Amino acid sequence: MDASREEAAVTGPRRRVTQQDIARISGVSQTTVSLVLNNRLDAGVRIAPETRERVLEAIAETGYVADPVARRMVARRNRIIGVFTYEAVFPSGTRDFYQPFLAGIEESAEQLGCDLLLLTSAPVVDGRRRIFHDGNRFRLADGCILLGRETDSGELARLVAEDYPFVSVGRRADAGGPVPYVGADYPGAVAALVAGAVDRGHRRLAYLGSGSRAESRGDRRDGFTAGLTATGATGTVLAGETAELIARLPQLLADGATALFVEEPADCQQLADRLGELGHPVPAGISIVALGDPTRPATADIDFTGFRIPRREMGRQAVEVLSALLEEESTATQRLLGCASHRGASLAPPPG
């Protein structure tokens, strides 16, 4: 074994060697290790012979022995992953907000040799689908991926209490216990945009949002507040429907706001149009920052400054986490992924 592999090798009798250890030593993903161990090369998944050999060599060198409990669990699995959505997102077009999440889920499931079960028959109660209902079929799947902007804390608590394997796409607050999730680092992304606006000379900012209690919305607001604290800038947080936010633009201008941080990017163009009518064109008069990707179809004449949500990677890693839970492998079950900044053309120094 060469020096680099000696450094990476797991030594000592204190703990069982895991698939995660084998993956690190071999320089491959945990999914690849699982495929080799379970001889899933007949599932349409192609693994290079040299990669397979490297994994087998690491197994031999470390004396890895699969956890018998996990082995029995894998043997009973149907190799079906459920996908439950709180909003109606199927079918999903290429320009739809949810499409990249679903593409990542499908890609990762295919690599594992698993089928997807789309749980679309759940009844809608109070405007939202429900997991638990008479005749629900989510237990046909080995585990489930949850997708949607807003979830039900009671249902999450029941899933946690019943120890049902699931992962949420999007950060979720604890629900009687930690909820496994793969989310986006909205606080960090928004705080960075606030710092960028202040660097451009903006001193009074405004946050325009829905007032929703969903974690993804709250995380954005928290990032805005943290950014104000870090930079010493002042700001206003407004909540309401799009029409209400547009109606409050004259007062924001009168209060001296020069940069608007918009929670729903689909609203940006309407806000920009109204600002132009008020004699404050974007970005020459007022700057607009979009906090993510539009969650509904929208056209835009301006390339709005903001950030991109790693939607495809979030879906892909959600399946990766679920697979680790099913196989009782050690992994980070709560992950926040960084958002890529988008320079755009809607943030400029304030006028004057």
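**Figure 1. Strand β1 and the two strands beside it.** In this predicted model, strand β1 covers residues 80-85 and is mostly tucked away, with five of its six residues buried. Strand β2 (residues 115-119) runs parallel to β1 and is joined to it by five bridges. To find your way along this pairing, look for Phe 84, which stands opposite Leu 119 in β2. Strand β5 (residues 143-147) also runs parallel to β1, again through five bridges. Here the pair to look for is Ile 81, which stands opposite Gly 143 in β5.

**Figure 2. The parallel sheet that holds β1.** Zoom out a little and you get an open sheet of six strands, in the order β2-β1-β5-β6-β7-β13, with parallel pairing. The edges belong to β2 and β13 (334-337); each has a single partner strand, so one side of each has no neighbour in the sheet. From one strand to the next, the twist averages 20°. Further along the order, strand β6 (residues 166-169) and strand β7 (residues 181-184) pair in the parallel sense over two bridges. Ser 168 has Tyr 181 in β7 as its bridge partner.

**Figure 3. Ile 145 and the largest nonpolar core.** This core holds 44 residues, and the ones that touch the most other members are Ile 145, Phe 261 and Phe 307. Helix α8 (residues 186-199) supplies the largest share of the core, seven residues. In general, nonpolar side chains tend to be buried together in soluble globular proteins. Which residues does Ile 145 touch, leaving out those up to four places away in sequence? Its contacts include Ile 81, Gly 82, Val 83 and Phe 84, along with Ile 105, Val 167 and Val 169, and also Ala 318, Val 319 and Leu 322. There is a second, separate core of 20 residues as well, with Leu 253, Val 262, Leu 271 and Val 282 among them.

**Figure 4. Helix α3, buried from end to end.** Helix α3 (residues 30-37) has eight of its eight residues buried, so the rest of the structure largely encloses it. The buried residues include the polar-looking names as you read along: Gln 30, Thr 31, Thr 32 and Ser 34. Val 33, Leu 35, Val 36 and Leu 37 are buried too.

**Figure 5. Aromatic pairs and a charge over a ring.** The count for the model comes to seven aromatic pairs. One of them is Phe 97 with Phe 101, an edge-to-face pair at 5.5 Å centre to centre and 75° between the planes. Phe 97 is buried at a relative accessible area of 9%, and Phe 101 counts as buried at 4%. Another pair is Phe 224 with Phe 261: the ring centres are 5.5 Å apart and the planes sit at 55°, so this pair is tilted. Phe 224 lies in helix α9 (residues 215-231) and Phe 261 in strand β10 (residues 259-262), so the pair ties together parts that are 37 residues apart in sequence. Both Phe 224 and Phe 261 are buried. Back at the other pair, Phe 97 and Phe 101 join Tyr 98 in one aromatic cluster. Also worth a look is Arg 220, which lies over the face of Tyr 186 at 3.9 Å from the ring centre.

**Figure 6. The mixed sheet and the helices on it.** This open sheet has six strands in the order β9-β8-β10-β11-β12-β14, and its pairing is mixed. At its edges stand β9 (234-239) and β14 (340-342), each with a single partner strand, so one side of each is left without a neighbour in the sheet. Neighbouring strands are turned by 20° against each other on average, direction ignored. Within the sheet, strand β11 (residues 287-290) and strand β12 (residues 305-308) pair in the parallel sense over two bridges, and Ala 290 has Gly 306 in β12 as its bridge partner. Helix α8 lies across β8 (204-209), β10, β11 and β12, and runs at about 160° to β12. Helix α12 packs on the sheet too, touching β8, β10 and β11, with its direction at about 175° to that of β11.

**Figure 7. Gln 269 in helix α12.** Gln 269 sits in helix α12 (residues 268-277). Is Gln 269 buried or exposed? At 9% relative accessibility, Gln 269 counts as buried. Beyond residues up to four places away in sequence, Gln 269 touches Thr 299, Ala 300, Asp 301, Ile 302 and Phe 304.

Terms used. Residues are numbered from 1 along each chain as its sequence is written. This is a predicted model: local features need pLDDT of at least 70, side-chain atom pairs count only at pLDDT 80 or more; totals for chains, interfaces and linings use all residues. Side-chain values use heavy atoms; hydrogens and water are left out. Buried means under 20% relative accessible area, exposed over 50%, partly exposed in between (1.4 Å probe, protein chains only). Helices (H or I, at least four residues) and strands (E, at least two) are DSSP runs, numbered from the N terminus. Two strands pair if DSSP finds at least two bridges between them. A nonpolar core is a set of buried Ala, Val, Leu, Ile, Met, Phe, Trp, Tyr and Cys residues joined through side-chain atoms within 4.5 Å. Contact means heavy atoms within 4.5 Å. Rings of Phe, Tyr and Trp (its six-membered ring) pair if their centres lie within 6.5 Å; planes under 30 degrees apart count as stacked, over 60 as edge-to-face and the rest as tilted. A charge sits over a ring if NZ of Lys or CZ of Arg is within 6 Å of the ring centre and within 35 degrees of the ring normal. Axes are lines fitted to C-alpha atoms, for helices over the stretch in contact, and angles run from 0 to 180 degrees between N-to-C directions.
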